[in-house]
Every structure is written in structure tokens, then in C-alpha cells.
Amino acid sequence: MSKFFPTPKITKIGSDVELIAYECQDTLVQLVYLAPGANFALHEHLESQMGMIISGRLEMNVNGTKEIIEPLQQAYIANAYVPHGSVNIFPETAIVFDVKRIVNSLPSEKADEVFLKASPKKDEITGLPCQSIVASWFEIVITEIPPGGIIPMQQSASEQMGIILNGQLMMSVEDEQQRLEYGSIYYAPVNVFCGGYNSSNEAVSLIKILIQPSSRLSYKEVSLSEITARSLTAS
């Protein structure tokens, strides 16, 4: 089993929710499919977590603050022990990606806002225009890689996870290489070389999740098996 290209674990919760989970060392990345009417009451847990809608819409409730989340426009954050829940009040299935991780933030850090909007910038690695969301312990970068586009090989100062939203993208991490399609992810630990190439004739949308090195992390209090059994939208 490759740690750079993790194998998904699929779990169904009733008839309304399907989870596709990827273990990336201390981080759990999931794709969550929420059927119309799926409803999760407010709950809380040790892990900090964030999420973003890939398609569809969803009403999120974080500590009593509600907002309709639109695809790839904003992220929500529920840090450790912050109550959160969701309901799909719309007629289409919502697809969410979520990230869960224990984060021991520095006491001086400013508290994150509950809902953060994406803003335009230039991707530092590819030089391509992108959308970015920056918080205390992570950054989300959404980039469109054109046909023939290259992601130069580089060592990241942050842990990096990438989710492919369409098409195919050839990714290399350290000495491993795989052609990734929709729903596949890659994982690059700190200071490990990674890069990619779009050899197809269509643009590929890539979501990069960068975990900031300032976060201090520990799993002494929670086992990975317990984390895998829960999603960002279900306790």
C-alpha cells in the first residue's frame, strides 16, 4: 500500500450518506456524498476539521451560525470541540470534501472565522491563476491545470494533499507515479518532492490542501480507527 497514493475506504451511513476516506498519516481526507434530506444534528469532537462543497449545496451549522455553502466558493471550519452539523435542504446530492486532524494551535494565534470565502491569487508553484482560502492551520488552493500544463517538481514546506475533480492528471511523489482521475488523491509529506503533468486534452481541476507547519499535532488521545469511522458531517 502506498502512503503517497492512499487506497480509499468506502463506508455507507444509512441510505443518505456515502464516505470515501483516505488516511494520510495524521490527517483524514474524505469525500462525502449527501443525498437530499440528509440531516446531521450538532455534534463535536477532539479533531479540528474543515470542509468545502465540490458540487451541490449544503446548509452548514457551526456553533449555531448557519450558512448555505456553494461549490468551491467557501470553506467552513469547526475546530476542536466546536459543535457543528449539516442538512441537505436541496433537491440534488451534495458532494463535500472534508479534512480532520488534531491541531494543537499556538495560544497567540487569532481564532479562525467560521466561514471563509475563496479569493483569487496566483499559484506560487504553477504560476497559474487560482482560488485560495487561508486559515490558521491550513490553506486550500484550487487550480485549473490546462492541457499540457506542468506542476513543477518541488519540495513543500507544508504537508500537501491533492484531490482531482475531473479528467486525468499524472502525479509523481518521491519515486512513485500514478495517473489520477476524479476522486483520487495524492499525499506529499513535508520536504518530499512532488509534481505533475496534464497529458490529456482537457483542463483538470485540482484542489490542493496544505497543512501549515506551525500546527503541532498528536494522536495520543485518539486512535486512527475511531477517526476513520466518523466524517466531518457525522459523529
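This is a short tour of one predicted model, with three stops to select in your viewer.

**Stop one: strand E3**

Start by selecting residues 27-34, which make up strand E3. Is this strand buried or exposed? Of its 8 residues, 8 are buried, so E3 is largely enclosed by the rest of the structure. Show the side chains and look at each face in turn. On one side you'll find Thr27, Val29, Leu31 and Tyr33, and on the other Leu28, Gln30, Val32 and Leu34; both faces are covered.

Now add the neighbours. Select residues 17-24 for strand E2, which runs antiparallel to E3 and is joined to it by 8 bridges. If you want a landmark for the register, pick Val17 in your viewer: Leu34 of E3 stands opposite. Then go to the turn. E2 and E3 form a hairpin, with 2 residues between the strands. Click on Gln25 while you're there, since this turn residue has a positive phi of about 55°.

Next, bring up residues 94-101, strand E10. E10 is also antiparallel to E3, and 7 bridges join the two. The pair to pick here is Val29 and Val99, which stand opposite each other.

**Stop two: Asn198**

Jump to Asn198, in the loop between strand E20 (193-197) and strand E21. How buried is Asn198? Its relative accessible area is 0%.

Turn on distances around the side chain. One polar contact, of 2.6 Å, runs from the side chain of Asn198 to that of Ser200. A polar atom of the Asn198 side chain also lies 3.1 Å from the backbone oxygen of Pro146. For the wider surroundings, leave aside residues up to four places away in sequence: Asn198 then touches the run Ile145, Pro146, Pro147, Gly148 and Gly149, along with Gln168, Leu169, Ala203 and Val204.

**Stop three: the largest pocket**

Finish with a surface view of the largest pocket, which has a volume of about 250 Å³. To centre on it, select Glu124, Ile125, Glu139, Lys208 and Leu210, the closest to the pocket's centre among its 15 lining residues. Which elements give two or more residues to the lining? Colour strands E12 (119-122), E14 (138-145) and E21 (204-211) to see them.

One last colouring to try is by residue class: the lining divides into 6 charged, 5 polar and 4 nonpolar residues. Keep E21 highlighted as you go back to stop two, as the loop holding Asn198 sits between E20 and E21.

Note on methods. Residues numbered from 1 in each chain as written. Predicted model: local features only at pLDDT ≥ 70, side-chain atom pairs only at ≥ 80, totals over all residues. Heavy atoms only, no water. 1 Å grid on protein atoms, 1.4 Å probe; cavity = no way out; pocket = protein on both sides within 12 Å on 5 of 7 lines; lining within 4 Å. Points joined across faces, edges and corners; volume = space filled by probe spheres on them. Helix = DSSP H or I, 4+ residues; strand = E, 2+ residues; numbered from the N terminus. Nonpolar A, V, L, I, M, F, W, Y, C, P; charged D, E, K, R; others polar. Buried < 20%, exposed > 50% of the residue type's maximum accessible area, 1.4 Å probe, protein only. Polar contact = N/O pair within 3.5 Å; in protein donor to acceptor, adjacent residues only side chain to side chain. Contact = heavy atoms within 4.5 Å. Pairing = 2+ DSSP bridges.
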